Structure formats: structure tokens, C-alpha cells
Amino acid sequence: TQDKYPVQQYTGMTDSKGVEIYEGDILKGCFDTPIEFEEGKFVVKAKGARVYDLCEFFEGNQKASRND
């Protein structure tokens, strides 16, 4: 059934191995919460409910890169 395969939106970014990062993925070593799409942008939520814009967080970070 379709419930087994939820639709996930591509963030436009890849990890350090070139693997595409999708909504719902968990970035190990950075955050242990899934990526969410909220208010028109991809975000990750840290402990304490702090929200980070995924693109701003990875700007200049070599662990992920934008996929233009």
C-alpha cells in the first residue's frame, strides 16, 4: 500500500557522500531529529525546541552541500 512509502520532499542538499537529503531524514552527528518542512523551509529541531533553518545551518559546513 501507499502507506509503506510516504512521499518525501528533496531538500536540494546532499550529504558528505553525495547522498540526497530528504524531508524525514535524520542527520546523525548533527541532530537526532528528522528534517521537517515548516513555514516554507526545511528545518531541524534541536533539544529544547530550538529550530534551525537547514540551509542556514549548513552554509559553509562541509558535511552537506547544496545541490544546484
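What follows is a walk through the predicted model of this protein chain, from overall make-up to sheet, core and one loop residue.

The model is predicted, so local features are taken at pLDDT of at least 70 and side-chain atom pairs only at pLDDT 80 or more, while totals for chains, interfaces and linings use all residues. Residues are numbered from 1 along each chain as its sequence is written, and side-chain values rest on heavy atoms, with hydrogens and water left out.

On confidence, the mean pLDDT (the predictor's confidence in each residue, from 0 to 100) of the protein chain is 75, with 72% of residues at 70 or more. Among the elements, strand S2 (residues 20-22) has the highest mean, 89, and strand S6 (residues 64-66) the lowest, 46.

The secondary structure comes to six strands and one helix, with helices (H or I, at least four residues) and strands (E, at least two) read as DSSP runs and numbered from the N terminus. Their order along the chain is β-β-β-β-β-α-β. Buried residues (under 20% relative accessible area, against over 50% for exposed and in between for partly exposed, with a 1.4 Å probe and protein chains only) account for 24% of the 68 residues. Of the contacts (heavy atoms within 4.5 Å) between residues at least 6 apart in sequence, 33% link residues at least 24 apart.

Now for the sheet. Three strands form an open sheet in the order S3-S4-S5, paired antiparallel; pairing here takes at least two DSSP bridges between two strands. Strands S3 (36-38) and S5 (51-53) sit at the edges with a single partner strand each, so one side of each has no neighbour in the sheet. S4 (residues 41-45) is joined to S5 by three bridges, and Val 44 has Tyr 52 of S5 as its bridge partner.

Val 44 also belongs to the largest nonpolar core, a set of nine residues completed by Met 13, Ile 21, Leu 27, Phe 31, Ile 35, Phe 42, Ala 46 and Leu 54. Such a core is a set of buried Ala, Val, Leu, Ile, Met, Phe, Trp, Tyr and Cys residues joined through side-chain atoms within 4.5 Å. Leaving aside neighbours within four places in sequence, Leu 54 touches Thr 11, Met 13, Leu 27, Ile 35, Phe 42, Val 43 and Val 44.

Finally, there is Glu 39, in the loop between S3 and S4. Glu 39 counts as exposed because its relative accessibility is 76%. Phi of Glu 39 is near 50°, a positive value in a residue other than glycine. Most residues other than glycine have a negative phi.
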